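User: Please take a close look at one part of this model. I would like a single connected account, moving from one residue out to its surroundings.

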Amino acid sequence: MENDENNQSDLPGFLQRFLAISPGGASHTFPLMACMAGVLAACAWMLGGLSMAISAAIAVALMLMLAPMVSPEILMKLLRARPLDSGSFPAIHEMAAMLARRAGLDYLPKLFLLPGKGVNAITTGTAEDTTIAISSDALHDLSPRQMRALLAHEIAHAWHGDTRILLMTDVLYRATWTVALFGLMVFIFGDLNPPAWMIIIFGAVPTISFLLQRAVIRDREFIADHGASDLLNGPEDMIDALLHIDQINRRRLRLIAYRSTQPPSLLDTHPSVGARIRALRNLKPGTWQKFFENRRPPGAN
């Protein structure tokens, strides 16, 4: 954890907060998505002017309307996950139902069991199709309070409609990658003679968009931790769960080569455990439960 903190110190504090590497006390999801859209628009404008920028915006809008969400059932089959039997694990289903009701959801998430080592959980689908999959290590190695915290975090993802947000960022990233690649092909094989700086920009923008997309994902993790704290009447259980999960994963995954070193923070899909715990400890007493007040689930009238 200390090495991870040292790796982050090279970036200015405001940039660490904006990119959701360290806690900032506020969500930057929509500014980050605006930056992604701005990168795409600038790239399209440099390639073909206003008409190209408008065409790119229309293409993104159509992709968002037509891009199908991956079916939770298909994803569970790909992950070799199986339904979590309510008869064998009634307490887990009761916890999920209680948290879903507390969040004001008008549906109950479907629960699945993931194979493999380590404590992990994912949330996919929207509304009535929402599916939460938890790993077998989580099922057997977490205490009831820690399991409740893990479920609260995943239900907060469902409440916030994070699968839709991540779909939007994926569309923006893919559109930027396509425009940049098309521009490079035109520069290389066409009759144009663009300046070197433009070629460098078109080569760099897919990476910039990718890093912004990762920052959005990390920001949603901070927000889900906040939501879990509200559902649990405080951050203590979430902090305990994060510390215990980190210990389990360091022990269980130590033999896997790609887990032997920490990846660069900018490429991570999750903030460091230390950053998440700092964010939870920075929540002011008395603000819990307010995150969900006077809100409706996504799509509700």
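Which residues does Ser22 touch, not counting residues up to four places away in sequence?

Analyst: This is a predicted model. Ser22 touches Gly13, Gln16, Arg17, Phe222, Ala275 and Arg278, with residues up to four places away in sequence not counted. Ser22 itself sits in the loop between helix H2 (13–18) and helix H3 (29–66). Its relative accessibility is 9%, so Ser22 counts as buried; the cut-off for buried is under 20%.

Two of the helices around Ser22 lead on to a pocket. Helix H9 spans 196–231 and helix H11 spans 273–281. Phe222, a contact of Ser22, falls within the H9 range. Ala275 and Arg278, also contacts of Ser22, fall within the H11 range. H9 and H11 each supply at least two residues of the lining of the second largest pocket. H9 gives the most, with 5 residues.

Now the pocket itself. The second largest pocket holds about 410 Å³ of space. Its lining comprises 22 residues. Nearest its centre lie Gly25, Ala26, His226, Ala279 and Leu283. By class, the lining has 9 nonpolar, 8 polar and 5 charged residues.

H9 also leads towards helix H7. His157 lies in H7, which covers residues 144–160. Leaving aside neighbours within four places in sequence, His157 is in contact with Thr123, Asp162, Arg220, Glu221 and Ala224. Arg220, Glu221 and Ala224 fall within the H9 range. His157 has 10% relative accessibility and therefore counts as buried.

Leu150 is another residue of H7. Leu150 counts as buried because its relative accessibility is 7%. Its contacts, leaving aside neighbours within four places in sequence, are Val119, Ala121, Ile134, Ala138, Leu142 and Ile245. Leu150 and Ala228 are 78 residues apart in sequence, yet their C-alpha atoms are 8.2 Å apart in space.

Leu150 brings in the nonpolar interior. The largest nonpolar core has 39 residues. Leu150 is one of those that touch the most other members, along with Ile92, Ile134, Leu142, Met147, Leu151 and Ile155. Two or more residues of this core come from each of helix H5 (90–102), strand S2 (110–114), strand S4 (131–135), helix H6 (136–141), H7, H9, helix H10 (236–252) and H11. H7 gives the largest share, 8 residues. H9 and H11 thus appear in this core and in the lining of the second largest pocket.

Ile92 shows the packing in this core from another side. Not counting residues up to four places away in sequence, Ile92 touches Leu84, Leu111, Ile134, Leu139, Met147 and Leu151. A second core, separate from the largest, has 27 residues, among them Met33, Leu40, Val179 and Val205. In soluble globular proteins, nonpolar side chains tend to be buried together.

Last, the whole chain. The protein has 11 helices and 4 strands. Of its 301 residues, 46% count as buried. Among contacts with a separation of 6 or more, 74% join residues 24 or more positions apart. The accessible surface is about 16000 Å², and carbon and sulfur atoms account for 61% of that area.

Definitions and conventions:
Residues numbered from 1 in each chain as written. Predicted model: local features only at pLDDT ≥ 70, side-chain atom pairs only at ≥ 80, totals over all residues. Heavy atoms only, no water. 1 Å grid on protein atoms, 1.4 Å probe; cavity = no way out; pocket = protein on both sides within 12 Å on 5 of 7 lines; lining within 4 Å. Points joined across faces, edges and corners; volume = space filled by probe spheres on them. Nonpolar A, V, L, I, M, F, W, Y, C, P; charged D, E, K, R; others polar. Buried < 20%, exposed > 50% of the residue type's maximum accessible area, 1.4 Å probe, protein only. Contact = heavy atoms within 4.5 Å. Areas by Shrake-Rupley, 256 points an atom, 1.4 Å probe, with all protein chains shown as cover. Core = buried A, V, L, I, M, F, W, Y, C linked by side-chain atoms within 4.5 Å.
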